[in-house]
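Got your viewer open and your selection tool handy? Load up the model below and follow along, one stop at a time.

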Amino acid sequence: MSENIATPIYLDHHASTPVDQRVLEAMQPYHTEHYGNPANDTHQVGRDAKAGVLTAAEQIADAIGASSTKNIIFTSGATESDNLAIRGPVEHVLQQGQTPHIITAVTEHEAVIEPCEALEANGVDVTYLSVDEYGRVDPDDMRAAVREDTLLISIMAANNEIGTVAPLEEIGEIAAEHDIYFHTDAVQALGYLELDVEDLGIDLMSLSGHKIYGPKGVGALYVRRPKPKNDITPLIRGGGHQSGLRSGTLNVPGIVGLGKAVELATANRHDRVDHVEALRNRLWDQLTGQLDELALNGHPDHRLPHNLNVSFRGVNNYLLTRELNQNRIIAAAGAACSTAEEGGTATVETSHVLEAITDDEERLESAIRFGLGKETTADEIDYVADTIADIVPKKRRIQL
Ligand SMILES: *Cc1c(COP(=O)(O)O)cnc(C)c1O
């Protein structure tokens, strides 16, 4: 392995990212100096903490085109943001004795799918739209699914497994036409796509710190308020923080880090996109140049620039990632959270996203997700491609 490659080679940026040094530096004083409670602004220590939170809210509002910092609710991460975005409006309506209808897609993250399934037990009707072979929902299907009682549409901006980007603008138009809440999980998209909540007609948008070189355990939900006929019931009640939408003392250092990470992600978006896209294409070109029977999972054009999800026909993806690991290459087989060990044999639960785009078992079982990052280098990509080109034919011979 060449000398100038730092190990391990981390190509799992859809699962998490390292904290940017500038983010870490921004956070640091909020642990040790500005440690006050931002709710106690009667003294300077509290006011300093509050100012840090306000700056973060401004950074996020600026990045997504929100008109006010009041629209930014801080959470423990995008899982909580997704739950609040879905359960909040729905439970408000349930409390009034109505059972609303919601529309989402089969390829959504578990943080969207699971709350939707739980709400079905309360009588809420959920339409799970299917997607095309590239993982995209069809706006015409969306239009056809809208009903009189539809309260909310939840469609992710970009998929965390195959990187497919949704037709957000069309969906936003449909939602606006029918006065329906439009929620989007934009965790994977921020820093890679232009995400203006006004242009896209987004009412609710989930963000996470640790997918964009920020800290773990902190996220945000953009909330457009007030909606004429609806409101949002909080999941977490207490001291009435954040307009009562999410009580609890704010995670000030985390929030400051999230704000900085969002600012950097959007300020450097074009450079970052160019960098990862060139390397991602280089990886694909080198793989297809050296190997046959590869399938690209995801949309050829409407796809995140740092995502490459490939099926290596005839090779078990879990065994391949294990071997890549031994070569100090980190990539994901299926979804990051679906790896299970059963009775000593390793199995990977098939990804619900891949199952939505193909029923070809071999393609499902041989899919590897590469998630590139801003620190990924061309040398690393060349090494990864060469290593895979070496391993895959051997594995194919053994497994035949
Ligand atoms: C990681 C991820 C989440 C969950 O975010 P956390 O901050 O880890 O809770 C939600 N949605 C998508 C698309 C993700 O990639």
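**First stop: two backbone oddities**

Select Y213, which sits in the loop between β7 (204–208) and β8 (219–223); helices (H or I, at least four residues) and strands (E, at least two) are DSSP runs numbered from the N terminus. Y213 has a positive phi of about 65 degrees, although it is not a glycine. Y213 is also buried, at 3% relative accessible area. Here buried means under 20% relative accessible area, exposed over 50%, and partly exposed in between (1.4 Å probe, protein chains only).

A note before you move on: this is a predicted model, where local features need pLDDT of at least 70 and side-chain atom pairs count only at pLDDT 80 or more, while totals for chains, interfaces and linings use all residues. Residues are numbered from 1 along each chain as its sequence is written, and side-chain values use heavy atoms, with hydrogens and water left out.

Now jump to S243, in the loop between β8 and α9 (252–267). S243 is not a glycine either, yet its phi is positive, at about 55 degrees. Is S243 buried or exposed? S243 counts as exposed, at 56% relative accessibility.

**Salt bridges**

How many salt bridges does a search of the whole structure find? It finds 21, a salt bridge being a side-chain nitrogen of Lys or Arg within 4 Å of a carboxyl oxygen of Asp or Glu. Side chains of opposite charge can pair when their charged atoms come close.

Pick D12 and R369: they form a salt bridge with the closest N and O atoms 3.0 Å apart. D12 lies in the loop between β1 (9–10) and α1 (21–27) and R369 in strand β15 (residues 367–371), so this pair ties together parts that are 357 residues apart in sequence. Check the surroundings of both D12 and R369, and you'll see that both are buried.

Next up, D292 and R396, another salt bridge, with the closest N and O atoms 3.3 Å apart. This pair also links distant parts of the chain, 104 residues apart: D292 is in the loop between α10 (269–290) and β9 (294–297), and R396 is in helix α14 (residues 378–399). D292 counts as exposed, at 53% relative accessibility, whereas R396 counts as buried, at 14%.

Stay on helix α14 and select K394 and D390, which lie 4 residues apart, about one turn of the helix. Their side chains meet in a salt bridge (3.2 Å, N to O). K394 is partly exposed, with a relative accessible area of 42%, and D390 is partly exposed with 42% as well. Then select E293, R313, D360 and E362: salt bridges that share partners join these residues into one network.

**A patch of negative charge**

Switch to a surface view and select E169, E170, E173, E177 and D199, which gather in a patch of negative charge on the surface. Patches are made of residues with over 30% relative accessible area and no salt bridge, with like charges joined within 9 Å and nonpolar side chains (Val, Leu, Ile, Met, Phe, Trp, Tyr) within 5 Å. Asp and Glu count as negative, and the place of a charge is taken as CG of Asp or CD of Glu. Accessible areas come from the Shrake-Rupley method with a 1.4 Å probe.

Which helix gives the most to the negative patch? Helix α7 (residues 168–177) does, with 4 residues. E173 is found in that helix, α7, and is partly exposed at 46% relative accessible area.

**Under cover: helix α5**

Go to helix α5 (residues 110–120), where A111, V112, I113, P115, C116 and L119 are buried. What covers these buried residues of α5 includes α4 (78–95), β3 (101–105), β4 (125–129), β5 (150–154) and β6 (181–185).

**Two loop residues to finish**

Select L193, in the loop between β6 and α8 (197–200). L193 counts as buried, at 19% relative accessibility. Leaving aside its neighbours within four places in sequence, L193 is in contact (heavy atoms within 4.5 Å) with A157, V165, R269 and L304. The C-alpha atoms of L193 and V165 are separated by 9.0 Å, with their positions 28 residues apart along the chain.

Last, select T69, in the loop between α3 (44–64) and β2 (72–75). T69 is partly exposed, with a relative accessible area of 26%. Beyond its neighbours within four places in sequence, T69 is in contact with L54, A57 and E58. Add E133 to the selection: T69 and E133 are 64 residues apart in sequence and 39 Å apart in space, C-alpha to C-alpha.
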